Every structure is written in C-alpha cells, then in structure tokens.
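I set aside this page for a short look at one model, taking a helix and then some strands. My entries follow in the order in which I looked things up.

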Amino acid sequence: MDPVPRFEVRRGLTTAQVDDLLGLYAGEWWTKDRTPADVERMLDASDLVFAVVECSSGAVVGFARVLTDRVYVALILDVIVAPEHRARGLGRLLVETILEDSGLQAVRSIELVCQPEHVAFYEQWGFSACVGRSGLMRRMADPRLGAPTGHEPSAAPPHD
Ligand SMILES: CC(C)(COP(=O)(O)OP(=O)(O)OC[C@H]1O[C@@H](n2cnc3c(N)ncnc32)[C@H](O)[C@@H]1OP(=O)(O)O)[C@@H](O)C(=O)NCCC(=O)NCCS
C-alpha cells in the first residue's frame, strides 16, 4: 500500500517548483495566460510566497502569495490548490499558515478579492464582505477584466 502523502508549507519556490506553479496557473481562469518570465518577476517582487509541497516528491500542489507593507495592509493573491488535492484540508493549511505568518501579525487589514462561491470559504477565518462604504476600483491594462457583466470567469477580476 502506498504511504499517505505528507504535505508542508514552504516559503519560496525552487526553480523546478516554479514549473509546478506554472502548471497550477495553467489551470485557473485568471492565471492561465501568465508567462514563465512574468511569473519569475512576480515571484521576485512578491513579499511573501507560500507553496504547499508534497514532502516526498517536492511537488508543489498549492500556492498563495501576499503583497504587504507589514503594518497597514496585506493583499492575499493566487490561492490555488491542485484540483486532485482539493477537499483534503490543504486550502485550510495554506490560509492558516498565511494568517499565522510573523510578518502579518501587526497588519491592520488583510484583504483579498474572490468570486461569490469562495466567500464562505474565507468567512471561516473572519474575512467579511462588509467593508463599510468602501468599494473596489481598478485601472486595468487588460480590457477583458472590466467587461460589464463581470461575473463570468473569463471577464472577472484577476486577483483571486
Ligand atoms: C478554494 C480552494 C483553495 C480551497 O482549497 P481546498 O484544499 O479544496 O480546501 P480545504 O479542503 O482545505 O477546505 C477547508 C474547509 O473549507 C471548506 N470549503 C472549501 N471550499 C469551500 C468553498 N468554496 N466554500 C465554502 N467552504 C469551502 C471545506 O469544506 C473545508 O471545511 P471543513 O474544514 O469544515 O471540512 C480550492 O478549491 C481551489 O484551489 N480552487 C480553485 C482556485 C480558486 O478559485 N481559488 C480561490 C481564489 S479566491
């Protein structure tokens, strides 16, 4: 019988693991157009990078990243678990590891953008869509992202 796979969250990615990340990105509507060169630049510029790694193989099966000033605001981006590993607690492991990160403990507002079907997922950790009179505004280089219907995956915002 195969051993039960073990997973851990690591900070940062090796070169080989960047290929795994590109595989994860290829499967999601808001990341599927990302190129290796742009992803390398993005990883370098992201403040915190989290990879869920299968311990035995080193394969990346989950990912998220955070942009933050470590005081006032942090933005969680690109939360993805590989389809074949979903519904086993890895998304929870990822979010809880992010929220426990020492660099985020003083941050006043931890923010994210998500589709309606993920609101209940993030509510488990106290995220709320009640943000007073505030609303999201964007200045977009990609006109598809501002399509008026806005709720189809192909037209929805890129920051899930
Ligand atoms: C969203 C996502 C990261 C969740 O990862 P996952 O590994 O399947 O989640 P988990 O198994 O850790 O789920 C943890 C808990 O959240 C619940 N949950 C998972 N997805 C949920 C959803 N969409 N809505 C409400 N609850 C959800 C699970 O039932 C589980 O509850 P439990 O602990 O009481 O059993 C994953 O579905 C994914 O990668 N989706 C595609 C990419 C995407 O759209 N990401 C969201 C960007 S905002």
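Against which elements do the buried residues of α1 pack? Working on a predicted model, I found that the buried residues of α1 pack against α2 (36-45), β3 (60-68) and β4 (73-81).

I then checked the length of helix α1, which covers residues 15-26. At 1.5 Å a residue its 12 residues should span 16 Å, and I read 17 Å between the end C-alpha atoms, which agrees.

Next I asked which residues of α1 are buried, and I noted Asp20, Leu21 and Leu24. These residues cover an arc of only 100° around the axis, so I place them on the same side of α1. Turning to the other side of α1, I listed Thr15, Ala16 and Ala26 as exposed.

I moved on to the strands and looked up how β1 (residues 7-11) meets β2 (residues 48-54): the two run antiparallel and are joined by 5 bridges. Within this pairing I looked for the partner of Arg11, and the bridge leads to Phe50 in β2.

For β2 and β3 I again noted the antiparallel sense, here over 6 bridges. As one position to find by eye, I marked Val52, which stands opposite Gly62 in β3.

Last, I followed the chain between these two strands: β2 and β3 form a hairpin with 5 residues between them, and in the turn I noted Gly58, whose phi is positive at about 80°.

Definitions and conventions
Residues numbered from 1 in each chain as written. Predicted model: local features only at pLDDT ≥ 70, side-chain atom pairs only at ≥ 80, totals over all residues. Helix = DSSP H or I, 4+ residues; strand = E, 2+ residues; numbered from the N terminus. Expected span 1.5 Å × (residues − 1). Buried ≥ 20, exposed ≤ 12 C-beta atoms within 10 Å, placed from the backbone. Arc of directions from axis to C-beta. Contact = placed C-beta atoms within 7 Å. Pairing = 2+ DSSP bridges.
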